[in-house]
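Colleague: Got a minute to walk me through this one? I'd like to start with the core.
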There are 2 protein chains.
Amino acid sequence: MDQINSISFIGSGNVATHLAIAVKKVGYDVKEIYSLNQENTIELAQKVSCKAIRSIEQMDQSVDLFLVAVPDETIEKVIKKFPFVNGIVAHTSGITPMEVLNRERRFGVFYPLQTFSKQRELDISAVPFCLEASSEDVLIHLKELAMKLSESVFEIDSDERKYLHLTAVLVNNYSNYLFKAAYDILAAKNIDHSILMPLIEETISKIKDITPHEAQTGPASRNDIKTIEKHLMLLNEYPQYKDLYKIFADQLIKKYNE
Amino acid sequence: MDQINSISFIGSGNVATHLAIAVKKVGYDVKEIYSLNQENTIELAQKVSCKAIRSIEQMDQSVDLFLVAVPDETIEKVIKKFPFVNGIVAHTSGITPMEVLNRERRFGVFYPLQTFSKQRELDISAVPFCLEASSEDVLIHLKELAMKLSESVFEIDSDERKYLHLTAVLVNNYSNYLFKAAYDILAAKNIDHSILMPLIEETISKIKDITPHEAQTGPASRNDIKTIEKHLMLLNEYPQYKDLYKIFADQLIKKYNE
């Protein structure tokens, strides 16, 4: 093939949904969707007007690219059942090495470094795509696709990618959980959480300007034990959030005061 | 007095610096600065072209408002040495009750819910000011001042305020520390942390649209133990970050999968 024209998806979750919509939008022919969850498969197939497939063995083997966007623990299982194809087979995982796909002829990784939720649209053009490929030829094809979707395309090997995935969990999943904790605590006091939004926004704006190390403020970094104790008292009703609070406070006290 | 015209500061740290500059900018007469740190006192006094005072007893007692922006553990100590004045005395703390100022005639709280670093300018007009006052008269004066600085002014009592302060620590101080962890880990692998910025921005954008509960993604919320184990392996070089990672993973697994 000269370039990728047709794409099928294995998976129908958050990542598959966003990518299928995005590639269709820029003109690719989305052929088929298969996933273990039949209901989600049908839903996504309807969204991008393509065929929903009931069993992986029945997938059309002539398409140019198969994007495997399934949970990490499922990638190997899925691939074992997958017929040998001429097209490129690429997974979208941050943590799984490219080599799990090495039964295929041409394979690679097409990892979008972003948090995707089905219920929310997002601007794919700002998403960094991290690519890896079994050959220069495959890399060229994946790059061409990625550059149609996004302004931000990187070659990242499997080792680097797993560190990116780890840090993505820290900055997104775990920050978001801190936001959840804060919202829960304010809701119990009938305080509207929107009052925190300027602070949350400044938290991000700051680190565009100065390092997180320089941006650090608050009681723990200045070793204000009395304030920390008062906060811990308030958290008596929330034993889990109290455990979280403690470990942060301890680490910040050590890093900034010893 | 009809309204606040002159303001003196007790304190010369991040909050005092930002507030002194801000009130001067909107036309108030910044009279004097006193703080324990003589060097910072002089630096701030120069910035806002006012007098640096060496001892609190020597402060001009005729000013309309004294803003006490010192570390929480110092507020009571400072106040004990402070002469009785006719003006309003207000502290800027999130966690300290208003009543610690009750030796004064007229007192209150002027708490800006934001993270301030001296080395970074910020738009004060978006900062939520949380006010509390010993009388209706004091409240009117503090409100007038706050509304000249910001579009976002709230009456918040001492009990609500301490919960706001606690949640501010969670969403700012502890998120920022997660960013620091991520940056440290990427630096050790020579990966430019700017690749994380679109993800960090989307983390915030998401919660303007959907709740943090709905926004949650990642291995822990989908109980992907294998990925978590791989991440923990990568964190063997970072025992503290590993402890942090574990506690988040455990809590997310429980909240989303039990």
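Modeller: Sure. A quick definition to begin with: a nonpolar core here is a set of buried Ala, Val, Leu, Ile, Met, Phe, Trp, Tyr and Cys residues joined through C-beta atoms within 7 Å. And bear in mind that this is a predicted model.

Colleague: Okay, so how many residues has the largest nonpolar core, and which have the most contacts inside it?
Modeller: It has 166 residues. L67, A90 and A182 have the most contacts inside it, in chain A and in chain B.

Colleague: What is A90(A) in contact with, leaving aside its neighbours within four places in sequence?
Modeller: L65(A), L67(A), V68(A), F107(A), G108(A), V109(A), F110(A) and L142(A).

Colleague: And the sheet in chain A, what's the strand order?
Modeller: β3-β2-β1-β4-β5-β6-β7-β8, eight strands in an open sheet with mixed pairing. The edges are β3 (51-53) and β8 (153-155) of chain A. On average, neighbouring strands are turned by 25° against each other, ignoring direction.

Colleague: How do β5 and β6 of chain A run?
Modeller: Parallel, with four bridges joining them. I88(A) has R106(A) as its bridge partner in β6(A).

Colleague: Which strands does helix α5 of chain A touch?
Modeller: β6 and β7 of chain A, and the helix direction makes about 155° with that of β7(A).

Colleague: Switching to the interface: how many residues are in contact?
Modeller: 79 of chain B with 79 of chain A. On the chain B side, α5(B) gives the most, with 24 residues. That side divides into 43 nonpolar, 19 polar and 17 charged residues.

How values were computed. Residues numbered from 1 in each chain as written. Chains lettered and ligands numbered in written order. Predicted model: local features only at pLDDT ≥ 70, side-chain atom pairs only at ≥ 80, totals over all residues. Contact = placed C-beta atoms within 7 Å. Helix = DSSP H or I, 4+ residues; strand = E, 2+ residues; numbered from the N terminus. Nonpolar A, V, L, I, M, F, W, Y, C, P; charged D, E, K, R; others polar. Buried ≥ 20, exposed ≤ 12 C-beta atoms within 10 Å, placed from the backbone. Pairing = 2+ DSSP bridges. Axes fitted to C-alpha atoms, helices over the stretch in contact; angles between N-to-C directions.
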